[in-house]
Amino acid sequence: MNCITTGRLTTLAAALALSLPVAVSAQIKVGVTVAATGPAASLGIPERNTVSLLPTEVAGQKVEYIVLDDATDTTVAVRNMRKLITDDKVDVVIGTSVTPGSLAMVDVAGETKTPMISVAANAKIVEPVEGARTWVFKTPQNDQLMAGALAEAMVKQNVKTLGFIGYNDAYGDGWLNVITEAAQAKGIKVLGAERYGRNDTSVTGQVLKLLGTKPDAILIAGSGTPVALPQRELKGRGYAGIIYQTHGAANSDVLRVCGKDCNDMILPAGPLLVAEQLPDSSPVKKTAMEYKEKYEAKYGAGSINTFGGHLWDAGLLVTEAIPQALQSGAKPGTPEFRAALRDALEQTKELAASQGVFNMSATDHAGLDKRAHVIVKVVDGKWTYQPDL
């Protein structure tokens with residue numbers, strides 16, 4: 001009896017062993033590199049946390065997520081991407097958290113013909129959709145979209161002149177360009193532009209120069225907790241005008257670091273930031289609330305922010321694309337499957353996510369419209385939806 005049982009178990013074990021390579025080879029692998037440490041950690045940590053909420057099985061296929069930290073370092077981001085593709089054989093890469101790293105990863109996507117979904121905002125990551133960029137998508141709203149929303153809010157608040165202080169990198173460059181264009185289109189004059197580094201500890205000189213121009217409002221163009229530095233300096237210097245931020249400041253850690261100095265600042269943000277305040281007619285409210293509830297159930301009440309939402313939306317895009325890629329007959333882990341996945345991502349239509357509704361095309365790899373932004377004001381330390389702006 002024991003011998004028969006043992007024999008049957010041995011036969012079963014052998015059958016399982018033979019089947020394992022097939023199962024492993026068919027497994028879909030998603031590589032993720034985010035800035036979980038370094039200056040952009042307040043972006044990367046919620047993005048990293050969000051990976052644990054993504055589905056581990058789609059269309060009958062197991063999905064494995066391999067997550068690396070690039071420490072907000074462009075060189076490390078590129079190295080991580082190469083490792084994920086070469087060593088881990090991933091089918092798609094999500095990341096990274098910031099514009100400089102994402103821009104550097106674009107060439108790797110094109111070189112290896114691996115679809116990439118950035119969670120950084122700059123339009124140059126996906127525009128124009130040619131060459132290496134045919135393999136690259138992104139989930140955050142384009143800076144142009146958010147700059148247009150800000151300019152409209154400025155008009156409603158009777159702003160005629162604007163000062164600017166932003167990062168001295170691609171993020172700051174992009175925002176200076178788009179807000180200058182958007183402001184001028186509304187008859188608003190940009191009086192001065194100052195820059196600072198993500199790791200700087202003082203912006204006194206820059207702020208004093210801006211205050212000397214006496215602008216009606218000042219825009220701070222940064223992301224994560226370093227945006228608190230000029231915000232505090234402006235408040236400390238008694239600036240009485242309106243202080244605007246970009247969607248890069250839509251982060252609860254910013255409120256924690258900035259404290260009462262963040263009160264009254266105004267910014268464009270993805271709908272997720274104020275999901276519970278949205279009208280039920282909003283096309284993104286249901287998905288945004290689903291993500292918010294899952295994230296806060298695991299990481300605590302009030303822990304949600306829009307950066308994790310960008311990763312969640314990237315996960316939704318991948319989940320939506322996988323069934324279509326499998327229908328092509330291509331097998332996960334092959335160049336053919338990566339190409340099929342890229343094609344499926346490009347064909348995404350009316351996908352309601354936490355930050356907006358995605359409609360990708362051969363000429364648009366961001367895919368968001370005006371449904372992807374709201375204007376928010378900080379009132380008594382809380383994000384407050386401003387439908388009138």
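Visitor: Where should I start, and is A71 buried, partly exposed or exposed?

Guide: A71 is partly exposed, because its relative accessible area is 34%, and buried would need under 20% while exposed would need over 50%. Keep in mind that this is a predicted model. A71 sits in the loop between β3 and α3 (74-86). Its phi is positive, about 60 degrees, although A71 is not a glycine.

Visitor: Which residue in the loop between α9 and β11 could I compare it with?

Guide: Try D264, which lies in that loop. D264 isn't a glycine either, and its phi is positive at about 80 degrees. With a relative accessible area of 48%, D264 counts as partly exposed. For a glycine with a positive phi of about 80 degrees, look at G238, just after α8.

Visitor: While we're on the backbone, which peptide bonds are cis?

Guide: One joins G95 to T96, with omega near -5 degrees. T96 is in the loop between β4 and α4. Another cis bond joins E127 and P128, with omega about -10 degrees. P128 belongs to the loop between β5 and β6.

Visitor: Now the sheets. How do I read the strand order?

Guide: Here's the general idea: strands of a sheet pair through backbone hydrogen bonds, either parallel or antiparallel. In this model, six strands make an open sheet, ordered β2-β3-β1-β4-β5-β6, with mixed pairing. At the edges are β2 (57-58) and β6 (136-138), each pairing on one side only.

Visitor: How many bridges hold β2 to β3?

Guide: Two bridges, and the strands pair in the antiparallel sense; β3 covers residues 61-69. To find the spot, look for E57, whose bridge partner in β3 is K62.

Visitor: Which helices pack on that sheet?

Guide: Helix α4 (residues 99-112) lies across β1 (28-34), β4 (92-95), β5 (116-118) and β6, and runs at about 170 degrees to β5. Helix α12 (residues 335-346) packs on the sheet too, touching β1, β4, β5 and β6, and its direction makes about 45 degrees with that of β6.

Visitor: What does P100 touch?

Guide: P100 is in helix α4. Not counting residues up to four places away in sequence, P100 touches T74, D169 and R198. P100 counts as partly exposed, because its relative accessibility is 23%. It's also a nice example of sequence versus space: P100 and Y171 are 71 residues apart in sequence, and their C-alpha atoms are 7.6 Å apart.

Visitor: Let's try another strand. Are the residues of β11 buried or exposed?

Guide: Check each side of the strand. In β11 (residues 266-269), I266 and P268 on one side are buried, and so are L267 and A269 on the other, so both faces are covered. β11 runs antiparallel to strand β14 (residues 374-379), with four bridges joining them. One pair to look up is I266 with its bridge partner K377 in β14.

Visitor: How do I describe two helices that pack together?

Guide: You give the angle between their axes and the distance between the axes. Take α2 (residues 41-51) and α11: their angle is about 40 degrees and their axes are 7 Å apart. That makes α2 oblique to α11. The crossing is right-handed. On the α2 side, the contact is made by L43, P46, E47, T50 and V51, and on the α11 side by F307, G308, L311 and W312. Those residues divide into six nonpolar, two polar and one charged.

Visitor: What lies around G309 and H310 in that helix?

Guide: G309 is in helix α11, which spans residues 306-327. G309 counts as buried, because its relative accessibility is 0%. Leaving aside neighbours within four places in sequence, G309 contacts L272, Y291, S354 and Q355. H310, also placed in α11, is buried at 3% relative accessibility. With the same neighbours left aside, H310 contacts V119, T139, P140, Q141 and Q355.

Visitor: And which residues of helix α8 are buried?

Guide: In α8 (residues 228-236), A228, L229, P230, Q231, E233 and L234 are buried. The buried residues pack against β7 (161-167), β8 (189-196), α7 (204-212), β9 (217-221), β10 (242-245) and α9 (252-258).

How values were computed:
Residues numbered from 1 in each chain as written. Predicted model: local features only at pLDDT ≥ 70, side-chain atom pairs only at ≥ 80, totals over all residues. Heavy atoms only, no water. Buried < 20%, exposed > 50% of the residue type's maximum accessible area, 1.4 Å probe, protein only. Pairing = 2+ DSSP bridges. Contact = heavy atoms within 4.5 Å. Axes fitted to C-alpha atoms, helices over the stretch in contact; angles between N-to-C directions. Parallel < 35°, antiparallel > 145°, perpendicular 65-115°, else oblique. Left-handed = near helix turned anticlockwise from the far one by under 90°. Nonpolar A, V, L, I, M, F, W, Y, C, P; charged D, E, K, R; others polar.
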